[in-house]
Amino acid sequence: MALNARLDHRNPLVIDTHELGRRPGALQRLTRTVDAPRDLGIQGVIGVPEGAPVELELRLESVMEGVLVTGTARATAEGECVRCLEPVELELEADFQEMFSYPDADDRGRPVAEPGDDAEDDEDRLFVEDGLIDLEAVLRDAVVLALPMQPVCREDCPGLCAECGARLADDPDHHHDAVDIRWAALQGLAGSLEPGDKDDKSGAEAGVDEKQEK
């Protein structure tokens, strides 16, 4: 991952690690509440609304290669039940752990990789920049992993009626009489005829039969 041009220390998800002093074994514990960034969650399914409070509990540990961050994020996610389409609220708790490397970590004891080795891993690495670390990407990944891909309002939600869309939880006895599709067209035709039409038709058929007998 390339270094950002410059991190903004006013961003609540940007953490200052200067207190650790790059002393291996040094610890720092932080608790803070931040506003949820935009699109925090599974887009179109469930997520934490933008600006909603997110409580963070963080443990920062200085190691030779950088700063190891261990934390928990708590918030309320909102979405829609995939079965009955009713609104869903979920108390979210997402745990995460991530290493933020010093840009000069290789000069401080980390073995230098051969050209081409772990190229993909290097692209995903996060860095300490001027003593600052940005937790937004880590928070996003943790929240997505903690959220259900198919949220439901309750585990036994019966969903909607396939025939009319009625919410089955509101009417457990809801049902539709089954009609054999082979007779459905004939029933519709019979229902469209007036009683006189049926009698005329019956008489006509009787006359035809008499002619055939003669």
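How exposed is Glu 57, going by its relative accessible area? Glu 57 comes out as partly exposed, at 41%. Keep in mind that this is a predicted model. The chain has a mean pLDDT of 80, with 67% of its residues at 70 or more. Over residues 111–117, though, the pLDDT drops below 50, and beyond near neighbours in sequence that stretch makes 3 contacts in the model. Where pLDDT is low, the predicted coordinates should not be read in detail.

**Strand β5 and its partners**

- Strand β5 covers residues 53–62 and has two faces: Val 54, Leu 56, Leu 58, Leu 60 and Ser 62 sit on the covered one, while Pro 53, Glu 55, Glu 57, Arg 59 and Glu 61 sit on the uncovered one.
- On one pairing, β5 runs antiparallel to strand β2 (residues 27–35), joined by 9 bridges.
- In that company, Pro 53 of β5 has Asp 35 standing opposite.
- Strand β6 (residues 66–80) also runs antiparallel to β5, and here the count is 8 bridges.
- Arg 59 is one of the residues to look at in this pairing, with Thr 70 of β6 as its bridge partner.
- Getting from β5 to β6 takes a hairpin of 3 residues.

**Nonpolar cores**

- The largest nonpolar core counts 34 residues, and Val 48, Val 54 and Val 69 have the most contacts inside it.
- Two or more residues each come from β3 (40–42), β4 (46–48), β5, β6, β7 (87–101) and α2 (136–146).
- The top contributor is β6, which gives 5 residues.
- Setting aside residues up to four places away in sequence, Val 48 touches Ala 36, Leu 40, Val 54, Ala 75, Thr 76, Ala 77 and Leu 92.
- There's also a second, separate core of 5 residues, including Cys 84, Val 88, Val 152 and Cys 157.

**Leu 90**

- Leu 90 belongs to strand β7, and with a relative accessible area of 29% it is partly exposed.
- Outside its neighbours within four places in sequence, Leu 90 contacts Ile 46, Ala 75, Thr 76, Ala 77, Leu 147 and Pro 148.
- Leu 90 and Glu 78 are 12 residues apart along the chain, and their C-alpha atoms are 6.4 Å apart.

**Salt bridges**

- Searching the whole structure turns up 7 salt bridges.
- Back to Glu 57: its side chain meets that of Arg 74 in a salt bridge, 3.2 Å from N to O.
- This pair ties together distant parts of the chain, with Arg 74 in strand β6 and Glu 57 in strand β5, 17 residues apart.
- Arg 74 is partly exposed too, at a relative accessible area of 28%.
- Through shared partners, salt bridges join Glu 57, Arg 74 and Glu 93 into one network.
- Another salt bridge pairs Asp 104 with Arg 22, at 3.0 Å from N to O.
- That one also links distant parts of the chain: Asp 104 is in the loop between β7 and α1 (119–123), Arg 22 is in the loop between β1 (14–16) and β2, and the two are 82 residues apart.
- Asp 104 counts as partly exposed at 31% relative accessibility, and so does Arg 22 at 35%.
- Asp 8 and Arg 10 make a salt bridge as well, their closest N and O atoms lying 3.1 Å apart.
- In this pair, Asp 8 is partly exposed at 32%, whereas Arg 10 is exposed at 66%.

**Cysteines**

- How many disulfides does the model hold? The count is 0.
- Cys 81 is in no disulfide, and the nearest cysteine sulfur, in Cys 84, is 3.7 Å away.
- Cys 81 is buried, at 0% relative accessibility.
- Why is Cys 157 not bonded to Cys 153? Their sulfurs are 3.7 Å apart, which is too far for a bond, because a disulfide needs the two sulfur atoms within 2.5 Å.
- Cys 153 holds the closest cysteine sulfur to that of Cys 157.
- Cys 157 is buried, with a relative accessible area of 6%, and it is among the members of the second core.

Key:
Residues numbered from 1 in each chain as written. Heavy atoms only, no water. Buried < 20%, exposed > 50% of the residue type's maximum accessible area, 1.4 Å probe, protein only. Helix = DSSP H or I, 4+ residues; strand = E, 2+ residues; numbered from the N terminus. Pairing = 2+ DSSP bridges. pLDDT = per-residue confidence, 0-100. Contact = heavy atoms within 4.5 Å. Core = buried A, V, L, I, M, F, W, Y, C linked by side-chain atoms within 4.5 Å. Salt bridge = Lys/Arg side-chain N within 4 Å of Asp/Glu carboxyl O.
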